[in-house]
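Visitor: I have a model open and would like to go through it piece by piece. Can we start with how the pieces are named?

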Amino acid sequence: MERAIITVVGVDKVGIIAGVCNVLAAHNVNIRSISQTIVDEYFNMMMIVDISKADMKAGELADVMAGLGEEMGLRIRLQKSEIFSQMHRI
Amino acid sequence: MITFSEVYETNQMIQQENLDVRTITMGISLLDCIDSSLQKTCDNIYDKITRLARDLVRVGEEISKDYGIPIVNKRVSVTPISLVGAACKSPEDFYRIAAALDRAAKEIGVNFLGGYTALVQKSMTAADRMLIESIPAVLRDTERVCSSVCVGSTKTGMDMDARRVSRSHGRRFRYKCRRKWSRSGQDRA
């Protein structure tokens with residue numbers, strides 16, 4: 001399984017999770033885990049996704065998610081999970 | 001399972017504290033490029049570097065995007081040219097090899113190409129001296145070639161003759177740079 005981490009940060013509004021999930025579904029990305037918090041009016045979400053069957057590579061997906069973030073006024077990043085496991089796990 | 005705070009911490013390091021991958025380097029041996037003809041040697045060097053490293057920049061950019069971390073420089077490092085050009089007859093011969101290295105570096109788009117080097121901590125050969133003598137002109141006229149001279153080590157001590165030669169050519173290099181910059185209107189003397 002090829003995992004990636006998606007982080008979404010921005011001002012909370014209706015449709016954020018739906019918007020992100022629709023784009024992921026369109027690209028055949030499976031969502032493994034979602035966690036989110038809303039602090040004051042700010043929305044923070046982290047998703048662990050499986051991109052092994054996605055129709056494009058991680059870098060291209062990262063561009064798609066960044067573009068979606070710009071449309072929605074959010075910062076959306078997609079990064080392969082190894083960078084985090086290498087930083088924080090022995 | 002990676003936690004939210006760990007993801008946040010890593011991205012803070014990248015975004016706020018300028019964590020990055022400073023350089024990725026491909027090492028290439030040029031020993032098999034040596035030929036009795038200097039022109040053929042230069043051609044072999046150019047061909048091998050452009051063949052093996054042609055995707056280095058592209059793949060580096062892909063990796064940077066995949067992991068969301070900048071990769072600042074892409075670099076190629078080669079066999080010390082004092083070894084590759086050991087049969088050179090003059091500093092001008094070494095200069096031609098440096099020109100081939102620079103053309104290859106520009107073709108593949110890397111930021112630096114290192115290895116225009118003499119390892120003289122255990123004394124200089126005639127070829128080492130010629131390479132050192134060529135360094136001022138090479139650094140003046142090339143854009144991406146990096147040069148070095150190793151004049152000492154913990155194990156061998158320091159070769160003071162090599163140090164003297166390197167220093168005197170270092171002064172020539174600074175003089176040539178000042179002349180070049182003066183002619184171009186950029187006087188940095």
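Guide: Helices and strands here are DSSP runs, numbered from the N terminus; a helix has at least four residues (H or I) and a strand at least two (E). Keep in mind that this is a predicted model.

Visitor: Fine. Where does Asn44(B) sit?

Guide: Asn44(B) lies in helix 2 of chain B.

Visitor: Is Asn44(B) buried or exposed?

Guide: Asn44(B) counts as buried because its relative accessibility is 18%, and the cut-off for buried is under 20%.

Visitor: Which residues does Asn44(B) touch, leaving out those up to four places away in sequence?

Guide: Cys33(B) and Asp35(B).

Visitor: Zoom out. How many helices and strands are there in chain B?

Guide: Chain B has seven helices and six strands. Along the sequence the pattern runs α-β-α-α-β-α-α-β-α-β-β-β-α.

Visitor: What share of chain B is buried?

Guide: Of the 189 residues in chain B, 40% are buried. As for contacts in chain B between residues at least 6 apart in sequence, 74% join residues at least 24 apart.

Visitor: What is the mean pLDDT of chain B?

Guide: The mean is 89, with 90% of the residues of chain B at 70 or more. Within chain B, confidence is highest in helix 2 (residues 38-52), at a mean of 98. Helix 7 (residues 160-183) has the lowest, at 66.

Visitor: And where in chain B does pLDDT stay under 50?

Guide: Over residues 183-189 of chain B. The model has five contacts beyond four places in sequence for that stretch. Where pLDDT is low, predicted coordinates should not be read in detail.

Visitor: What ipTM and pTM does the model score?

Guide: ipTM is 0.84 and pTM is 0.82.

Visitor: On to the contact between the chains. How many residues does each chain give?

Guide: Chain A gives 23 residues and chain B gives 19 residues. The two chains bury about 1900 Å² between them, and 61% of that is on carbon and sulfur atoms.

Visitor: Which residues in chain A lose the most area to chain B?

Guide: Arg77(A), Phe84(A) and His88(A); together they account for 25% of what the chain A side buries.

Visitor: How many salt bridges are there between chain A and chain B?

Guide: The count is one. Lys65(B) pairs with Asp63(A), and their closest N and O atoms are 2.6 Å apart. The chains also have nine residue pairs in polar contact, counting pairs with both residues at pLDDT 80 or more.

Visitor: Which elements of chain A supply at least two residues of the side that touches chain B?

Guide: Strand 1 (3-11), strand 3 (42-50), helix 2 (58-72), strand 4 (74-80) and helix 3 (82-88) of chain A. Helix 3 of chain A has the largest share, six residues. By type, the chain A side that touches chain B divides into 10 nonpolar, seven polar and six charged residues.

Visitor: How many salt bridges are there over all chains?

Guide: The count is 11. One of them joins Lys80(A) and Glu2(A), with the closest N and O atoms 3.4 Å apart. That pair links distant parts of the chain: Lys80(A) is in strand 4 of chain A, Glu2(A) is in the segment before strand 1 of chain A, and they are 78 residues apart.

Visitor: Is Lys80(A) buried or exposed?

Guide: Lys80(A) counts as buried, since its relative accessibility is 14%. Its partner Glu2(A) is partly exposed, with a relative accessible area of 29%.

Visitor: Back to chain B. What does Asp141(B) pair with?

Guide: Asp141(B) forms a salt bridge with Arg140(B), at 2.7 Å between the closest N and O atoms. Asp141(B) counts as partly exposed at 36% relative accessibility, and Arg140(B) counts as partly exposed at 26%.

Visitor: Which residues are joined into one network by salt bridges that share partners?

Guide: Arg54(B), Asp55(B), Arg58(B) and Glu62(B). Among these, the side chains of Arg58(B) and Asp55(B) meet at 3.6 Å, N to O. Arg58(B) is partly exposed, with a relative accessible area of 43%, and Asp55(B) counts as partly exposed at 31% relative accessibility.

Terms used. Residues are numbered from 1 along each chain as its sequence is written. Chains are lettered from A and ligands numbered from 1 in the order in which they are written. Side-chain values use heavy atoms; hydrogens and water are left out. Contact means heavy atoms within 4.5 Å. Buried area is the accessible area (1.4 Å probe) that two parts lose on being put together, summed over both. A salt bridge is a side-chain nitrogen of Lys or Arg within 4 Å of a carboxyl oxygen of Asp or Glu. A polar contact is a pair of N or O atoms within 3.5 Å; within protein, one must be able to donate a hydrogen and the other to accept it, and residues adjacent in sequence count only if both atoms are side-chain atoms. Ala, Val, Leu, Ile, Met, Phe, Trp, Tyr, Cys and Pro count as nonpolar, Asp, Glu, Lys and Arg as charged, and the others, Gly among them, as polar. pLDDT is the predictor's confidence in each residue, from 0 to 100. Buried means under 20% relative accessible area, exposed over 50%, partly exposed in between (1.4 Å probe, protein chains only).
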